[in-house]
Amino acid sequence: MFQIFQKRLHFKTFNLSSLQATIQYLQQIDIMKNNKGWNFDNTYKKLPQDFYSILDPMPVEKPEIILFNSRLADELGLDFSETDQADLAAIFTGNQLPDGAEPISQAYAGHQFGHFTMLGDGRAIVLGEHLSPHGKRYDIQFKGSGRTPYSRSGDGRATLYSMLREYLISEALHHLGIPTSGSLAVAETGQPVYRESVHPGAVLTRVASSHIRIGTFEYASRFLSREKLSNFLDYVVSRHYPDLEESENRALSLLKCVAEKQLNLVLEWMRTGFIHGVLNTDNMSISGESIDFGPCSFMNTFDPSTAFSSVDINKRYAFSNQPGIVQWNLAIFAGTLLPFIDDDEEEARKAAQEVIREFEPRFKDEWYRMMGKKLGFSKSGSQQKYLTDQLISWMEKSKADYTNTFLVIANPDETPGHFKANQEFRNWHDEWRATIEKQQGGISEARRRMARLNPLFIPRNHLVEEALTAASNDGDYTKFHSLLEKMKNPYQDQWVAKDLQLVPTGFDEQYKTFCGT
Ligand code: AMP
Ligand code: MG
């Protein structure tokens with residue numbers, strides 16, 4: 001932030017000589033300080049009104065700031081260093097709106113568990129689009145800020161527990177190197193939220209490159225004119241994929257780009273064991289960031305069918321189903337773009353289907369490449385694929401911990417556990433080691449490669465629950481902050497991995513996560 005002031009200072013002093021101008025300049029700095037660096041430029045509001053509703057966040061009774069993310073504030077070019085706690089709380093609950101904010105709730109629809117539904121921001125408000133000093137555009141959104149025209153029977157509010165969860169998980173994903181929306185702040189409202197029991201209420205300030213979802217296209221395609229859908233397509237291309245503006249077939253190119261982004265995203269989830277939990281089309285962003293964490297979790301024991309969400313009874317969104325679901329969602333997206341892909345419906349369908357069909361083999365190739373890197377391989381040949389397949393089936397059969405297995409493979413002498421006692425694992429490890437030794441750089445180079453992709457720490461379910469329960473029920477944030485701190489450097493200290501994270505026996509078997517709370 002200071003650098004921005006400096007830059008402006010240089011510019012101004014270069015032109016100023018009179019006292020009056022200096023005073024003017026100092027006043028300007030004062031305004032900037034009060035403004036904290038907010039720099040809104042709200043383009044979404046220029047779309048037809050069908051895409052949003054204009055409304056302010058509902059004021060809250062007793063705002064109290066709980067968490068503030070300085071790292072993200074710096075990235076955004078915001079400076080709250082001279083703002084007191086009361087003002088921070090007022091700002092991040094919506095009681096005090098920043099200059100330039102033009103709050104809206106966005107309309108969207110979506111396929112939830114396979115069924116089309118009209119949705120929209122039922123408890124969220126986009127304050128506006130902030131431009132960072134680097135010229136990057138971010139939506140600043142409040143979640144839990146009160147009822148909106150899209151609330152249906154909901155109360156528009158969010159529990160402290162679930163907002164802390166989103167803060168923790170989005171920070172963890174960020175530090176794991178996974179594209180994600182960010183969490184700038186959590187503030188308590190001082191008002192109770194009624195769920196199965198009474199909870200403290202809170203507002204999360206969420207930051208994302210936009211909140212445009214596949215569901216936003218579904219909404220426009222189903223309910224608005226072709227012209228409005230076409231304008232929206234223009235808007236999305238220029239906001240997210242400006243390189244496609246000159247493309248001969250922008251709709252098809254957009255589909256390909258979004259498919260590529262989503263492929264890379266789901267690959268990252270598969271790398272780290274992340275389970276989004278509710279991969280409805282309204283929870284899949286056009287930008288390729290992870291958004292809308294509700295019942296998300298991380299898989300401990302390797303089991304492709306792992307699904308912790310209490311509402312995911314048929315395990316539609318289980319760990320290993322995620323790539324297939326992403327492909328399914330992309331097919332829904334493709335359906336909304338057909339009129340712009342080709343005037344001939346049949347031709348349009350064929351072109352779109354090709355992109356969707358390609359997704360599966362492309363994902364498989366990329367998955368083997370990614371797993372190969374996790375295993376330290378420098379190339380992705382048949383031996384490497386064979387070893388990957390062997391390891392996967394061994395992990396599943398022996399209920400190995402997904403995260404720890406890769407740490408043990410890299411550091412068998414440094415890590416405790418039952419792995420080494422397992423003859424089948426030892427045989428596999430010998431073969432793996434022989435393959436690694438044939439590569440340039442041998443084991444040391446492989447270890448270096450592995451350390452970049454295999455986290456030592458993930459937010460283990462039992463730790464997340466302990467931290468959230470203590471914070472939300474007792475106001476004790478000790479565990480929360482210590483977990484958050486650990487998650488800031490998940491790839492650290494790989495070579496002294498003596499303290500592998502261990503999961504209490506039986507915890508995951510009972511574990512359930514909840515959405516929309
Ligand atoms: P989510 O599961 O967070 O993706 O939410 C699905 C839909 O339900 C979205 O339209 C949300 O805005 C809406 N929703 C979730 N919780 C609430 C709530 N407490 N009040 C109003 N709408 C909600
Ligand atoms: Mg959602």
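# A walk through the helices

At 11% relative accessibility, Asp-292 counts as buried, because the cut-off for buried is under 20%. Keep in mind as you click around that this is a predicted model.

**Stop 1: Asp-292.** Stay on this residue for a moment. Asp-292 sits in the loop between β10 (274-275) and β11. Have a look at its backbone too: phi is near 55°, a positive value in a residue other than glycine. That is worth a pause, because most residues other than glycine have a negative phi.

**Stop 2: Ser-309.** Next, select Ser-309, which you'll find in the loop between β11 (297-298) and α9 (322-341). Is Ser-309 buried or exposed? With 6% relative accessibility, Ser-309 counts as buried. Now show what surrounds it. Setting aside residues up to four places away in sequence, Ser-309 touches Gly-277, Pro-295 and Thr-513.

**Stop 3: helix α7.** Select residues 226-240 to bring up α7, a helix of 15 residues. From its first C-alpha to its last, α7 reaches 21 Å, close to the 21 Å expected at 1.5 Å a residue. Try colouring its buried residues: Leu-229, Phe-232, Leu-233, Tyr-235, Val-236, Val-237, Arg-239 and His-240. What do the buried residues of α7 pack against? Two of the partners are strands, β6 (124-131) and β7 (137-143), and the others are the helices α6 (214-223), α8 (250-272) and α9.

**Stop 4: α9 with α10.** Keep α9 on screen and add helix α10, residues 345-374. The axes of these two come within 9 Å and cross at roughly 160°. That angle is over 145 degrees, so α9 and α10 are roughly antiparallel to each other. The crossing of α9 past α10 is right-handed. To see where they meet, show side chains on the α9 side, including Pro-323, Val-326, Leu-330 and Leu-338, and on the α10 side, including Ala-348, Ile-356, Phe-359 and Phe-363. Sorted by class, the contact of α9 with α10 has 13 nonpolar, one polar and three charged residues.

**Stop 5: Glu-396.** One of the α10 residues that meet α9 is Ala-352. Use it as an anchor and measure across to Glu-396: the two are 44 residues apart in sequence and 36 Å apart in space, C-alpha to C-alpha. Glu-396 lies in helix α11, residues 382-397. At 40% relative accessibility, Glu-396 counts as partly exposed. Apart from neighbours within four places in sequence, Glu-396 is in contact with Phe-302 and Pro-304.

**Stop 6: α11 with α13.** Now show all of α11 together with α13. Their axes are 11 Å apart, and the two helices pack at an angle of about 160°. Here again the angle is over 145 degrees, so α11 and α13 are roughly antiparallel to each other. This time, α11 passes α13 in a left-handed crossing. Among the residues making the contact are Tyr-386, Leu-387, Leu-391 and Trp-394 of α11, and Phe-425, Trp-428, Glu-431 and Trp-432 of α13. By class, the contact of α11 with α13 has seven nonpolar, four polar and three charged residues.

**Stop 7: Lys-399.** Step off α11 into the loop between α11 and α12, where you'll meet Lys-399. Lys-399 has a positive phi of about 50° although it is not a glycine. Is Lys-399 buried or exposed? At 61% relative accessibility, Lys-399 counts as exposed.

**Stop 8: helix α12.** Carry on into α12, residues 402-410. How many of its nine residues are buried? The count is nine of nine, so this helix is mostly covered, taking buried as under 20% relative accessible area. Tyr-402, Phe-406, Leu-407 and Ile-409 are among the buried residues you can pick out. Turn on the neighbours and you'll see the buried residues of α12 packing against α8, α10, α11, α13 (423-437) and α14 (442-453).

**Last stop: α15 with α16.** Finish with helix α15 (residues 461-474) and helix α16 (residues 478-487), whose axes come within 7 Å and cross at roughly 140°. α15 and α16 are therefore oblique to each other. Their crossing is left-handed. For the contact itself, select Leu-463, Val-464, Glu-466, Ala-467 and Leu-468 in α15, which meet Lys-479, Phe-480 and Leu-483 in α16. The residues of this contact divide into six nonpolar, no polar and two charged.

Notes:
Residues are numbered from 1 along each chain as its sequence is written. Chains are lettered from A and ligands numbered from 1 in the order in which they are written. This is a predicted model: local features need pLDDT of at least 70, side-chain atom pairs count only at pLDDT 80 or more; totals for chains, interfaces and linings use all residues. Side-chain values use heavy atoms; hydrogens and water are left out. Axes are lines fitted to C-alpha atoms, for helices over the stretch in contact, and angles run from 0 to 180 degrees between N-to-C directions. Helices (H or I, at least four residues) and strands (E, at least two) are DSSP runs, numbered from the N terminus. Angles under 35 degrees count as roughly parallel, over 145 as roughly antiparallel, 65 to 115 as roughly perpendicular and the rest as oblique. A crossing is left-handed if the near helix is turned anticlockwise from the far one by less than a right angle, and right-handed if clockwise. Contact means heavy atoms within 4.5 Å. Ala, Val, Leu, Ile, Met, Phe, Trp, Tyr, Cys and Pro count as nonpolar, Asp, Glu, Lys and Arg as charged, and the others, Gly among them, as polar. Buried means under 20% relative accessible area, exposed over 50%, partly exposed in between (1.4 Å probe, protein chains only). The expected span of a helix is 1.5 Å times one less than its number of residues.
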